[in-house]
Amino acid sequence: MNTHLLKMLNRLSQVALLALCWFLPSQLASAETAYKRIPTQYIAALGDKTLNSGTGAENWGLWAVDPGPRGVKLRDYETLVGVEGSVAPAGWRFDGGEWWLEEHGLLMEKPVFPIPAGKYVVSGAREVTAVLTIHPKGADGTQKWELDQGASLYDVTHLRCRAARYTPESANSCSPAKAQVASIPVPPGEAMPVVSGCKAEDFQVLIVIGVVEGS
């Protein structure tokens, strides 16, 4: 088998892996509440997966555009976004003070924080689809969230998708160039790679397939 064909097959396998995560699965269960379908979005959530409701949604973010296909491979970091403020081929700007990585080693644009208040129809591309209510920010600066139908955060987490935010630890330099490529891809359920000089926060990923109108 020639080298060119091997490279093509390797690229196709990488695309297939991404399709398991950041592209919307063709079949999702229907929520009982009537809703307006929208182009797929993704929520980056923090919290106890066993809970049905809680606070802390002010720390959740929203990708209004699918970030996976717009990502930059770690090995291309220095040539494509290695300078602070550089713009990736997809048009997003790299921020060395807060950068995002997914489980196949793609650097992604950061989501918008905080997630806007509203009612989102979310799924983990498994058995459960539910309405996630993000309440307006309270006087204390916190935002409450809750899921209907008794769903837990785990039920609507897309387990194949992983995302972590990396920020500098104290005065250290936090660079994607220090990421351990050998630890990628990251299996479902395992922590994202440790990067020297960085603080890592693992986020759960929820697929947004619609919104409840009038919310």
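**Loop geometry, strand pairing and side-chain packing in a predicted model**

In the predicted model, Ala125 is located in the loop that connects S7 and S8. Although Ala125 is not a glycine, its phi is positive, at about 60°, and with a relative accessible area of 24% the residue is partly exposed. A positive phi of about 60° is also found at Gln149, again not a glycine, and this residue sits in the loop between S9 and S10. Gln149 has a relative accessibility of 45% and therefore counts as partly exposed, the upper limit of that class being 50%. A further backbone feature is the cis peptide bond between Phe113 and Pro114, for which omega is about -10°; Pro114 is placed in the loop between strand S6 (106-108) and strand S7 (118-123).

These loops belong to a protein chain that contains two helices and 11 strands, arranged from the N terminus in the order α-β-β-β-β-α-β-β-β-β-β-β-β. Of the 215 residues in the protein chain, 42% are buried. When contacts between residues at least 6 apart in sequence are considered, 70% of them join residues at least 24 apart. The accessible surface of the protein chain amounts to about 10900 Å², and carbon and sulfur atoms account for 54% of this area.

Strand S10 pairs with two other strands. Its pairing with strand S5 (residues 99-102) is antiparallel and extends over four bridges, while its pairing with S11 is likewise antiparallel and extends over six bridges. Ala164 of S10 takes part in both pairings, being the bridge partner of Leu101 and having Asp202 as its bridge partner in S11. S10 is mostly covered, with five of its six residues buried.

The segment that follows S10 carries the one disulfide of the structure, which joins Cys174 to Cys198 with an S to S distance of 2.1 Å. The link is right-handed, with 115° about the S-S bond. Because Cys174 lies in the loop between S10 and S11 whereas Cys198 lies in strand S11, the pair ties together parts that are 24 residues apart in sequence. Both Cys174 and Cys198 are buried. Ser175 is found in the loop between strand S10 (163-168) and strand S11 (198-211), and its relative accessibility of 13% places it among the buried residues, since the cut-off for that class is 20%. The side chain of Ser175 reaches the backbone nitrogen of Ala177 at 3.1 Å. Apart from neighbours within four places in sequence, Ser175 is in contact with Tyr77, Trp99, Val195 and Cys198, the last of these being one of the two cysteines of the disulfide.

Aromatic packing is represented by seven pairs in the structure. In the pair formed by Trp60 and Trp145, the ring centres are 5.2 Å apart and the planes stand at 40°, so the arrangement is classed as tilted. Since Trp60 lies in the loop between strand S2 (53-55) and strand S3 (61-63) and Trp145 lies in strand S9 (residues 144-147), this pair ties together parts that are 85 residues apart in sequence. Both rings belong to buried residues, the relative accessible area being 0% for Trp60 and 2% for Trp145. Elsewhere, Trp63, Trp100, Phe113 and Phe203 form one aromatic cluster, and Phe113 of this cluster is joined to Pro114 by the cis peptide bond described above.

Trp145 is also in contact with Thr133, whose contacts, leaving aside neighbours within four places in sequence, are Gly118, Lys119, Lys144, Trp145 and Glu146. Thr133 is found in strand S8 (residues 129-134) and, at 12% relative accessibility, counts as buried. The C-alpha atoms of Thr133 and Lys119 are separated by 4.4 Å, although these residues are 14 apart along the chain.

Note on methods: Residues numbered from 1 in each chain as written. Predicted model: local features only at pLDDT ≥ 70, side-chain atom pairs only at ≥ 80, totals over all residues. Heavy atoms only, no water. Buried < 20%, exposed > 50% of the residue type's maximum accessible area, 1.4 Å probe, protein only. Contact = heavy atoms within 4.5 Å. Areas by Shrake-Rupley, 256 points an atom, 1.4 Å probe, with all protein chains shown as cover. Polar contact = N/O pair within 3.5 Å; in protein donor to acceptor, adjacent residues only side chain to side chain. Disulfide = S-S within 2.5 Å. Pairing = 2+ DSSP bridges. Phe/Tyr/Trp six-rings, centres within 6.5 Å; stacked < 30°, edge-to-face > 60°.
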